[in-house]
Amino acid sequence: MSMRMLVTGGAGFIGSNFIRLALAEGDIGRLVNLDKLTYAGNLKSLADIEEDDRYCFIQGDIADGDLVEKLFAEHGIDTVVHFAAESHVDRSIVGPGEFVRTNVVGTFTLLDAARKAWADGTASTRRCRFLHVSTDEVYGSLGETGYFTEQTPYDPRSPYSASKAGSDHLASAWFHTYGLPVLITNCSNNYGPFQFPEKLIPLIINNARSGKDLPVYGDGKNVRDWLYVDDHCRAILRVLAAGEPGQTYNIGGNSEKQNIEVVTTICDLLDKKLGLLDGRPRRELIRFVKDRAGHDRRYAIDAGKIRRELGWQPRVRFEEGIEMTIDWYLNHQDWLDAVLDGSYQDYYRQMYHGR
Ligand code: NAD
Ligand code: DAU
């Protein structure tokens with residue numbers, strides 16, 4: 001039977017990529033996208049699918065219990081893919097309250113609405129799934145060696161990762177206590193089309209293209225494990241199809257890079273594609289700036305479980321993915337102009353001025 005799916009946060013980066021893939025390749029009868037349209041959400045990211053008869057958009061807050069319960073009832077939802085969150089670590093340091101409200105209270109609201117909706121007998125007649133999308137940051141920070149596995153103890157360090165860890169614990173509790181068919185995925189750093197340009201890769205592409213400074217925190221040697229967004233979305237479809245309720249699946253790109261390596265790669269590719277800037281290589285724009293408070297040193301995922309049990313592995317290598325991403329941003333100035341409004345300029349000044 002086709003899925004009747006509620007996607008939360010579908011106007012954001014990963015959510016919009018997921019909706020496009022799910023409508024193209026998933027067995028979808030109905031797909032309801034619930035998104036508050038914060039600064040990070042933009043319907044321009046979904047312009048090409050909005051006419052699809054199976055799709056509908058609802059602007060609203062995941063922490064609004066009445067609205068969420070109504071959506072379950074009206075659309076006969078049997079599958080939830082929960083992306084909606086405040087997602088940016090730097091913003092969580094200057095304003096943690098919204099992270100607790102959306103990531104913790106919002107997730108509780110959704111879990112409880114699913115519990116009530118599926119307790120009415122839905123789950124006995126249809127296959128129900130609640131997939132909670134989370135992050136590798138809940139595991140804390142690694143030294144030079146080692147990997148995060150599904151058994152690594154939680155050790156979140158930032159307000160963002162602490163709020164995501166809280167939401168993971170709630171999701172897990174709703175499985176153990178109420179039998180809600182919950183699946184949790186913990187993924188590494190994503191990159192690709194439609195990522196809001198506050199995050200490292202699109203920020204550097206956008207600044208380097210136009211000759212602005214390239215801010216690198218600390219010594220630039222922090223390590224992230226990069227995964228092309230389409231690979232993350234395919235992993236989620238796979239977990240929905242074959243994952244076992246109550247289980248956690250780590251998702252990663254097996255592609256560790258120091259930040260400085262990512263930044264110089266982008267500079268060199270832009271020099272090649274656009275030519276030097278006033279005769280100078282873009283690497284000269286790099287500025288080492290004040291470090292992020294509590295900056296986690298290294299993340300690296302062991303994605304062995306999802307590979308062995310569900311047969312998923314990444315398709316896109318970083319070298320291909322970064323080039324596709326740069327080309328996408330160079331060809332979508334209209335999207336960038338639409339998302340880089342006045343509030344972003346205020347954010348940028350506050351975050352980087354005098355850093
Ligand atoms: P994003 O910031 O690009 O998008 C978040 C979306 O959620 C936006 O469309 C926003 O409008 C919406 N939203 C925020 N608060 C809401 C609320 N109260 N009610 C309804 N909608 C709300 O985030 P993203 O990078 O696409 O991340 C999506 C999910 O994946 C998050 O849960 C994040 O923790 C997780 N994740 C992200 C990454 C990554 O590298 N970006 C990696 C692992 C996990
Ligand atoms: O690991 C998964 C997480 O990846 C997700 O859960 C988060 O939602 C997502 O935002 C991302 O978190 P990071 O903090 O790793 O991503 P960000 O793009 O903000 O930063 C990547 C690295 O680059 C990090 O070490 C900080 C550094 N950085 C970031 C910015 C914005 C800089 O050096 N300069 C910058 O201007």
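**Exercise 1. Determine how the residues of the shell around ligand 2 divide into nonpolar, polar and charged, and establish which secondary-structure element gives the largest share of that shell.**

*Solution.* Step 1. The shell around ligand 2 comprises nine nonpolar, eight polar and seven charged residues. The structure under study is a predicted model.

Step 2. In total, 24 residues surround ligand 2. The closest of them are Asp-136, Tyr-160, Arg-292, His-295 and Tyr-352.

Step 3. Helix α3 (89–94) and strand β8 (214–217) each contribute at least two residues to this shell. The largest share belongs to β8, which provides three residues.

**Exercise 2. Identify the polar partners of oxygen atoms of ligand 2 at Asn-189, Tyr-217 and Asn-259, and state how much of the accessible area of ligand 2 the protein covers.**

*Solution.* Step 1. Begin with the side chains. An N or O atom in the side chain of Asn-189 lies 2.8 Å from an oxygen atom of ligand 2. For the side chain of Asn-259, the distance from an N or O atom to an oxygen atom of the ligand is 2.9 Å.

Step 2. Turn to the backbone. A polar backbone atom of Tyr-217 is found 2.8 Å from an oxygen atom of ligand 2.

Step 3. On its own, ligand 2 has 690 Å² of accessible area, and the protein covers 95% of it.

**Exercise 3. Describe the surroundings of ligand 1: its closest residues, the composition of its shell by class and the elements that supply it.**

*Solution.* Step 1. Ligand 1 is surrounded by 28 residues, the closest being Ile-14, Asp-35, Ser-87, Tyr-160 and Lys-164.

Step 2. By class, twelve residues of this shell are nonpolar, twelve are polar and four are charged.

Step 3. Four elements, α1 (13–25), β5 (129–135), α6 (159–178) and β7, each supply at least two residues. Strand β5 gives the most, with three residues.

Step 4. The polar backbone atoms of three residues may now be assigned to atoms of the ligand. At Lys-36, such an atom lies 3.0 Å from a nitrogen atom of ligand 1. At Leu-37, a backbone N or O atom is 3.5 Å from an oxygen atom of the ligand. At Thr-38, the distance from a polar backbone atom to an oxygen atom of the ligand is 3.0 Å. The protein covers 96% of the 840 Å² of accessible area that ligand 1 has on its own.

**Exercise 4. Give the strand order of the open sheet that contains β7, β9 and β11, and explain why one side of β7 and of β11 is left without a neighbour in the sheet.**

*Solution.* Step 1. The three strands follow the order β7-β9-β11, and their pairing is mixed.

Step 2. Strands β7 (189–191) and β11 (256–258) occupy the edges and have a single partner strand each; therefore one side of each has no neighbour in the sheet.

Step 3. On average, neighbouring strands of this sheet are turned by 50° against each other, direction ignored.

Step 4. Strand β9 (residues 223–228) pairs with β11 in the antiparallel sense over three bridges. The bridge partner of Asp-225 in β11 is Glu-256.

**Exercise 5. Decide whether Arg-234 is buried or exposed, and find the partner of its side chain in a polar contact.**

*Solution.* Step 1. Arg-234 belongs to helix α8 (residues 229–242).

Step 2. The relative accessible area of Arg-234 is 17%. A residue counts as buried under 20%, so Arg-234 is buried.

Step 3. The side chain of Arg-234 forms a polar contact of 2.9 Å with the side chain of Glu-25.

Definitions and conventions: Residues numbered from 1 in each chain as written. Chains lettered and ligands numbered in written order. Predicted model: local features only at pLDDT ≥ 70, side-chain atom pairs only at ≥ 80, totals over all residues. Heavy atoms only, no water. Pairing = 2+ DSSP bridges. Axes fitted to C-alpha atoms, helices over the stretch in contact; angles between N-to-C directions. Near = heavy atom within 4 Å. Polar contact = N/O pair within 3.5 Å; in protein donor to acceptor, adjacent residues only side chain to side chain. Areas by Shrake-Rupley, 256 points an atom, 1.4 Å probe, with all protein chains shown as cover. Nonpolar A, V, L, I, M, F, W, Y, C, P; charged D, E, K, R; others polar. Buried < 20%, exposed > 50% of the residue type's maximum accessible area, 1.4 Å probe, protein only.
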